[in-house]
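Q: I would like to request a close look at a single part of this model, with its charged side chains as the topic.

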Amino acid sequence: MTQPPHDEPTASSPEELRRQVEETRHELGRTVGALAAQTDVKARAQEKATEVKDQAAAKAGELKQQATLKAGEAWAKAAEAASRLQDKLPEPVREKAGQAAGQARARAAEAGRLWEEKAPEPVRAKAAHSARVARDNRGMLLLAAGAATVLWLACHRKKG
């Protein structure tokens with residue numbers, strides 16, 4: 001007869017022996033399951049892919065937040081530069097810029113009215129979608145418009 005392991009007591013009854021055998025079976029089943037999971041390459045690859053995907057999503061969120069912050073900083077700098085430039089402009093130039101802005105608004109309103117009357121529905125739908133995208137990215141558009149205005153004013157000031 002073989003000796004029982006030193007860390008396990010011997011069974012005192014057949015019921016105790018059955019319980020120990022059943023416990024050993026469960027432990028062996030868990031061990032085999034763990035080993036099988038380690039050798040399941042497909043499942044491990046899927047787990048790793050999910051992990052990498054989650055990390056990429058987190059990094060993308062961080063980068064988006066940083067980009068938004070940088071855009072805000074750039075907008076503030078452009079607004080400050082435009083304000084300084086506007087303060088340096090003579091009054092007649094500021095008046096002309098205000099008049100030009102008013103005329104542009106009036107022309108835009110008229111163009112919008114004509115657009116509603118004459119444009120086909122699919123084109124209007126696409127334009128409405130583009131307008132929503134523009135509203136969603138308003139900060140970047142305002143930054144670009146501000147930079148363009150500053151450049152335009154600087155160029156026209158040099159000519160005049």
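By how many residues are Arg84 and Glu80 apart in helix H2, and what separation in helical turns is that?

A: Arg84 and Glu80 are four residues apart in helix H2, so about one helical turn separates them. This description rests on a predicted model, in which the chain averages a pLDDT of 81 and 92% of the residues score at least 70.

The two side chains form a salt bridge, with the closest N and O atoms 3.3 Å apart. Neither partner reaches the class of exposed residues, because that class requires a relative accessible area over 50%. Arg84 has a relative accessible area of 46% and is partly exposed; Glu80, at 45%, is also partly exposed.

Helix H2, which covers residues 41-88, contains a further pair, Lys70 and Glu73, placed three residues apart, or about one turn of the helix. Lys70 forms a salt bridge with Glu73, and their closest N and O atoms are 4.0 Å apart. In this pair, Lys70 is exposed at 56% relative accessibility, whereas Glu73 is partly exposed at 37%.

A similar arrangement may be followed into helix H3 (residues 91-118), where Glu110 and Arg113 are three residues apart and therefore separated by about one helical turn. Their side chains meet in a salt bridge with an N to O distance of 2.5 Å. Glu110 is partly exposed at 36% relative accessibility, and Arg113 is partly exposed at 39%. Elsewhere, salt bridges with shared partners join Glu16, Arg19 and Glu23 into one network. In total, the structure holds seven salt bridges.

Note on methods: Residues numbered from 1 in each chain as written. Predicted model: local features only at pLDDT ≥ 70, side-chain atom pairs only at ≥ 80, totals over all residues. Heavy atoms only, no water. pLDDT = per-residue confidence, 0-100. Helix = DSSP H or I, 4+ residues; strand = E, 2+ residues; numbered from the N terminus. Buried < 20%, exposed > 50% of the residue type's maximum accessible area, 1.4 Å probe, protein only.
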